Amino acid sequence: MPELTGDLDTILEWADEFRKLGVRANADNPEDAKLSRDFGASGIGLCRTEHMFLGERKQIIQTFILNDDDAVREKAVGELFEAQTGDFYGMFKEMDGLPVIVRLLDPPLHEFLESPRALDVEIARLEATGGDKTLIAEKRMLMERIDGFAEQNPMLGLRGCRLGIVYPILPEMQVRAIATATAKLKKEGLDPKPEIMIPLVSTVAELEKLRAVAEKIIAEVAAEEGVELDIEVGTMIELPRAAVTADEIATQADFFSFGTNDLTQTTFGFSRDDVEAEFVPQYLQEHLLPYNPFATIDPGVAKLVEMGVKLGHEGNPDLVCGVCGEHGGDPDSIHTFNKIGLDYVSCSPYRVPVARLAAAQAALEEE
Ligand code: PEP
Ligand code: MG
């Protein structure tokens, strides 16, 4: 475990006296949550729940999506609920007394399904080696089924809140797990503070729909468990449409978290997945900007954030606003966020000390 000792610790404590921005961390397991706490984070600003769905659990989602048999689907969701309740219990316990923003499943659906190309290769291998005919037929059917979900641009397709609207049983399961873990910890005398975040919203109607789902499940669990559950529901602002209609969206949100990774991608129209490839970084550097807008907030994207904060407060004067994209840990961007008047930044646990210092510096420069 890393320790912040001596002079650095003292400097960070001074920094905390001056800064206006809160500093939270992005973490999705108890180990990283502990690390965040040790580095001085005042909560978790982003828990990406898709990171909890690797390996076997991915297979369970596939079973759920591809099966029409209600009993099989119910069993799959039951297994996911058990696993998620354990995940959240661990996270909230580690962050006892501090807020933990849990984001509902975000990535494109295909990331939870087997790769059709890999299935195709397996079928060819089975055929070449005289494999079982029934198994080959089953694999082919599976491949065709999964192929039906293929999209040309998955990052612009069935992902984020759209996933929860098409398959409401997924957010229902996650919210039930969050509420159940919270109730359990409360009964043990702890003080869990979860908040639920809906990703990739573009219209207020999407948030309204999923907020209603969350509120219904939270009320059900509170009644079943006999505990009071006060869990806030907010959204990510990561599409230009969300930023420019933030006044409407805020009527359904307790908080906004600006997802500047996606917001940069969708504002520029550059794929964030290609920043390491040849064209995007080369073009950016040679023809467009003297900095990487996926690392340091671009003034154009920052204008959308500023507009989102201003409009958001018109829709809900008590709205809490933060940022949880990569930019939340970048000192230059932190200066911009301080100027805009965000309430907090959220970044990787290891960047928390740097963010604390940058936030203090930004506040001091303002005076
Ligand atoms: C973002 O888009 O800025 C964000 C934090 O979400 P993710 O990186 O998981 O898409
Ligand atoms: Mg995003």
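In which helix is the place of A355?

## The surroundings of A355

This report describes a predicted model. A355 belongs to helix α16, which spans residues 352-366. Within 10 Å of A355 there are 31 other C-beta atoms; because a residue counts as buried when 20 or more are found within that distance, A355 is buried.

Residues beyond four places away in sequence also touch A355: they are V23, G328, G329, I334, V345 and C347. R19 stands 336 residues apart from A355 along the chain, and the C-alpha atoms of the two are separated by 10 Å.

## The annotated binding site

An unreviewed UniProt entry carries the annotation "binding site" for R48, R103, E238, G259, T260, N261 and D262. Two of these residues, R48 and R103, are described here.

R48 is placed in strand β2, which covers residues 44-48. How many other C-beta atoms lie within 10 Å of R48? The count is 17, and R48 is therefore partly exposed, since that class falls between the limit of 12 or fewer for exposed residues and that of 20 or more for buried ones. When neighbours within four places in sequence are left aside, the contacts of R48 are D28, R103 and D106.

R103 lies in strand β3, formed by residues 99-103. Is R103 buried or exposed? R103 is buried, as 27 other C-beta atoms lie within 10 Å. Apart from neighbours within four places in sequence, R103 is in contact with L46, C47, R48, T49, M197 and P199. R48 thus appears in the contact list of R103, and R103 in that of R48; both residues carry the "binding site" annotation in the UniProt record.

## The pairing of helices α2 and α4

Helix α2 consists of residues 30-38 and helix α4 of residues 70-94. Their axes come within 9 Å and cross at roughly 15°. Because angles under 35 degrees count as roughly parallel, α2 and α4 are roughly parallel to each other. The crossing in which α2 passes α4 is right-handed.

Which residues of α2 and α4 meet? On the α2 side they are P30, A33 and K34, and on the α4 side G90, M91 and E94. By character, the residues of this contact divide into three nonpolar, one polar and two charged.

Notes:
Residues are numbered from 1 along each chain as its sequence is written. Chains are lettered from A and ligands numbered from 1 in the order in which they are written. This is a predicted model: local features need pLDDT of at least 70, side-chain atom pairs count only at pLDDT 80 or more; totals for chains, interfaces and linings use all residues. UniProt positions are given in the numbering used here, feature names are shortened, and annotations may be inferred rather than shown by experiment. Helices (H or I, at least four residues) and strands (E, at least two) are DSSP runs, numbered from the N terminus. Two residues are in contact if their C-beta atoms, placed from the backbone, lie within 7 Å. Axes are lines fitted to C-alpha atoms, for helices over the stretch in contact, and angles run from 0 to 180 degrees between N-to-C directions. Angles under 35 degrees count as roughly parallel, over 145 as roughly antiparallel, 65 to 115 as roughly perpendicular and the rest as oblique. A crossing is left-handed if the near helix is turned anticlockwise from the far one by less than a right angle, and right-handed if clockwise. Ala, Val, Leu, Ile, Met, Phe, Trp, Tyr, Cys and Pro count as nonpolar, Asp, Glu, Lys and Arg as charged, and the others, Gly among them, as polar.
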